[in-house]
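Please look over the structure below before reading on. The text goes from the whole chain to one helix and then to one residue.

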Amino acid sequence: MCSAYVADNARTGPGEPSAPHLLSESACATLRSRLVRVEIMPGERLSEPELRSSLGVGTSPVREAIRRLEFEKLIVIYPRSGTFATDIALKDSRSVMELRLQLEGLAAELACGRGSKAEKEQLMAIAERQFETDDLQLCIDLDAAFHHGVYRMTRNDYLTTTAEIHFNLALRQWYFCSKVVETPDWTGVDHRPLAAAIAGGDPESAGRHIREHVLHDSQQIVDILTNYGL
């Protein structure tokens, strides 16, 4: 793997990603989005020829994307059976929640001291727009934008990568519930106190608010999936 990386950089120049790398990144991002947004249903079998056609890339980018998304728990590979979108399961929801409580709390605390004024203002604007909407799909999209904004503000690439992987797993559960399961008791999200805490540089309050949010949303998911029989 190391020698391949050196060879790519030798062809494209220092700091410039190679064409194959860009293709793999694009294929992975597109496939990840389809999985998270439940455009590919949980448990659905993935066909390499169909993926090559729909993604517009060759075999290597598709296989690289599959390997990465298997690591991110969005895809599962069964030897001699095939490649499938990971199922939605109640036990996974609880496990993701336990980890996110720690990751999200740390991210919010770091964002208080490391985020710029412009980033904090943008976070406040997202929170305000999210509070005002009664459109569940838009609320989910804005929630994703809010969390990704917090991760960027940590200035910690390792935390950002780990937090995004596990946020995507939780986000996928929300998309599944919003599209497949009736959610009459859904309640809106109010990130305004959290955004205000981050903007005001109050890590204790920010950490408390985001952990309460993760617990609340995770419990909603558990309740919905339980009622759905998962």
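**From the chain to a buried aspartate**

Of the 230 residues in the protein chain, 45% count as buried. The model is a predicted one. About 12300 Å² of the protein chain is exposed, and carbon and sulfur atoms supply 53% of that area.

The secondary structure of the protein chain consists of ten helices and three strands. Read from the N terminus, the order of elements is α-α-β-α-α-β-β-α-α-α-α-α-α. Among contacts in the protein chain with a separation of 6 or more, 75% are between residues 24 or more positions apart.

Helix α5 covers residues 90-114, a run of 25 residues. From first C-alpha to last, α5 reaches 35 Å, which is close to the 36 Å expected at 1.5 Å a residue. The helix is nevertheless kinked: a bend of about 30° in α5 is centred on R100.

R100 also appears in the surroundings of D143, a residue of helix α7, which spans residues 136-153. What is the nearest side chain of opposite charge to D143, and how far away is it? It is R100, at 5.8 Å. A salt bridge requires a side-chain nitrogen of Lys or Arg within 4 Å of a carboxyl oxygen of Asp or Glu, and D143 has no salt bridge although it is buried.

Which residues does D143 touch, leaving aside those up to four places away in sequence? They are Q130, F167, V189, H191 and H213. Two of these, H191 and H213, are histidines, and His is not counted as charged here.

Technical notes
Residues are numbered from 1 along each chain as its sequence is written. This is a predicted model: local features need pLDDT of at least 70, side-chain atom pairs count only at pLDDT 80 or more; totals for chains, interfaces and linings use all residues. Side-chain values use heavy atoms; hydrogens and water are left out. Helices (H or I, at least four residues) and strands (E, at least two) are DSSP runs, numbered from the N terminus. Buried means under 20% relative accessible area, exposed over 50%, partly exposed in between (1.4 Å probe, protein chains only). Contact means heavy atoms within 4.5 Å. Accessible areas come from the Shrake-Rupley method with a 1.4 Å probe; for residues, only the protein chains shown count as cover. The expected span of a helix is 1.5 Å times one less than its number of residues. The bend at a residue is the angle between axes fitted to the seven residues ending there and the seven starting there.
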